[in-house]
Amino acid sequence: MSVLEISEIESDSQSQIPRLDFELTPGCDHKCAHCYNVWTADVGDPQAGYDTGGQLRTPEFKAMMSNIVGQTQANHITITGGEPLLRKDAVEIIEHACSSVDVVTLITNGSHVDPQTAARFGRAGLRQVQLTLLAGDRAEHDRLKGAVCFDDTIRAAVNLTEAGVPVQVCFVSMHENWHQFERVMELCFALGIKGVSYNRMSPTGGAIHHIARLMPTVEQIEANLDVAERLGRAWGIAVSTAMPIPPCLIRIESYSWVRFGFCSTGSSSPNIVIDGKGNVRSCNLAGGVMGNVLEQPWSEIYAVPYQREFKRNVPQMCRGCAYETSCQGGCKESGFATFGDHAHPEPLLWLAQNPDWREQVGEEVDQSIIPLRRLTRPASRRTEGAPVGDA
């Protein structure tokens, strides 16, 4: 959401929502240490044990999508993953989504968007594709992504633009790459990209094991916002934040060009996620399952008290703040993933209050778990249209 005040759900009977996110597959061919996917959590982590087995095949997935769109009256679908284009039938499902609602966006790593795929997206009416650029430098981007993929991402941007599909770049700010943001903005300007989603790292899943190395400081985030304000305004590049930035840490009103978003859980426009088995979660970073659309009607799932309780369960230090109902203490799912408690201040807030914690975090959360960081070129996307099981 991009407003400071978000209205709370008024009653359990209110079950229509404007947007749904569908996770096509948990599989991914990149190895980002900052990955927030809950199924990357390690044994013993608060979010450990998310079951990704038994993904729906093509007809069942499309039927599930049609059914839940009808029940929720959603008019905006976001396709995500994992890497959604690893599914053999990804393009078919995306085309189905485009025929079902007015607005469809795709979040992809960019390694599987050749000219033919981009052209199909254009014909289907895909509204926007979000590509991740972690640096304006090829080697640094590939190091952080754990794959040789910078050139693929640039080619994807070019292919999509030529097919008439708008591109938005996602930049995830971390301790190791925050200084690259200006170069990413320059690259967007050169490519004619008019939208940037600025995300500061918000660790969930396996990313909690890389907090000491990757969590940015408040000063680094503030420096990025200065760049966004200056270059975004000069070049007409819209900049928005997806991960919440608590206003107690940074005076967000100083950045009139940047659109700031806050947690949408418990609002009138929640970021509801449905995985490839029909499980429903309150957002991409949440590990708790609210229900399953294959087994329950939507009205029953949406009536569970999780969202309302989540919205009210803010850290004690945030109670009474003017932004309590909008900011909610930042990313509380990150607080749960790291500390096992939604009411514990999330890592960005905790680090701001306790700077020495960066050196001490290993005493609470193992910081020695290293993902596979071998630099390999991702394999080409599999044949389109065929059904798929587990990715």
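This is a walk through a predicted model, from its confidence to its sheet, its salt bridges and its cysteines.

Start with how far the coordinates can be trusted. The chain has an average pLDDT of 90, and 91% of the residues reach at least 70. Two stretches fall well short of that. Residues 1-13 have a pLDDT below 50, yet the model gives this stretch 40 contacts beyond near neighbours in sequence. Residues 372-391 also stay under 50. For them the model has 63 contacts beyond four places in sequence. Where pLDDT is low, the predicted coordinates should not be read in detail.

Now turn to the sheet. Eleven strands form an open sheet with mixed pairing. Their order is β8-β7-β6-β5-β4-β3-β2-β1-β9-β10-β11. The edges are β8, residues 258-259, and β11, residues 291-292. Each edge strand has a single partner, so one side of each lacks a neighbour in the sheet. Look at the β11 end. Here β10, residues 279-281, pairs with β11 in the antiparallel sense, over two bridges. Val280 faces Gly291 of β11 across this pairing.

A helix lies across part of this sheet. Helix α1 spans residues 58-72 and crosses β1 (19-23), β2 (76-80) and β9 (273-274). Its direction makes an angle of about 165 degrees with β1.

Next come the charged side chains. Side chains of opposite charge can pair when their charged atoms come close. The whole structure holds 16 salt bridges.

One of them sits in helix α5, residues 150-162. Arg155 and Asp152 meet there with N and O 2.7 Å apart. The two residues are three apart in the helix, which puts about one helical turn between them. Their surroundings differ in accessibility. Asp152 is buried, at 12% relative accessible area. Arg155 is partly exposed, at 45%.

Helix α8, residues 218-235, carries another pair, Glu229 and Arg233. These residues are four apart, about one turn of the helix. They form a salt bridge, with the closest N and O atoms 2.8 Å apart. Glu229 is buried at 14% relative accessibility. Arg233 is partly exposed at 44%.

A further salt bridge joins Arg319 to Glu324. The closest N and O atoms lie 3.8 Å apart, and the cut-off for a salt bridge is 4 Å. Both partners are partly exposed: Arg319 has a relative accessible area of 39%, and Glu324 has 23%. Elsewhere, salt bridges with shared partners link Glu140, Arg143, Glu176 and Arg213 into one network.

Finally, the cysteines. How many disulfides does a search of the whole structure find? It finds zero. Distances at two cysteines show why they are unbonded. The sulfur of Cys248 has its closest cysteine sulfur in Cys327, 6.2 Å away, which is too far for a bond. A disulfide needs the two sulfur atoms within 2.5 Å. For Cys327, the closest cysteine sulfur is in Cys318, at 6.2 Å, and that is also too far for a bond. Is Cys248 buried or exposed? Cys248 counts as exposed, at 55% relative accessibility. Cys327, by contrast, is buried, with a relative accessible area of 6%.

Technical notes: Residues are numbered from 1 along each chain as its sequence is written. This is a predicted model: local features need pLDDT of at least 70, side-chain atom pairs count only at pLDDT 80 or more; totals for chains, interfaces and linings use all residues. Side-chain values use heavy atoms; hydrogens and water are left out. A salt bridge is a side-chain nitrogen of Lys or Arg within 4 Å of a carboxyl oxygen of Asp or Glu. Buried means under 20% relative accessible area, exposed over 50%, partly exposed in between (1.4 Å probe, protein chains only). Two strands pair if DSSP finds at least two bridges between them. Contact means heavy atoms within 4.5 Å. Axes are lines fitted to C-alpha atoms, for helices over the stretch in contact, and angles run from 0 to 180 degrees between N-to-C directions. pLDDT is the predictor's confidence in each residue, from 0 to 100.
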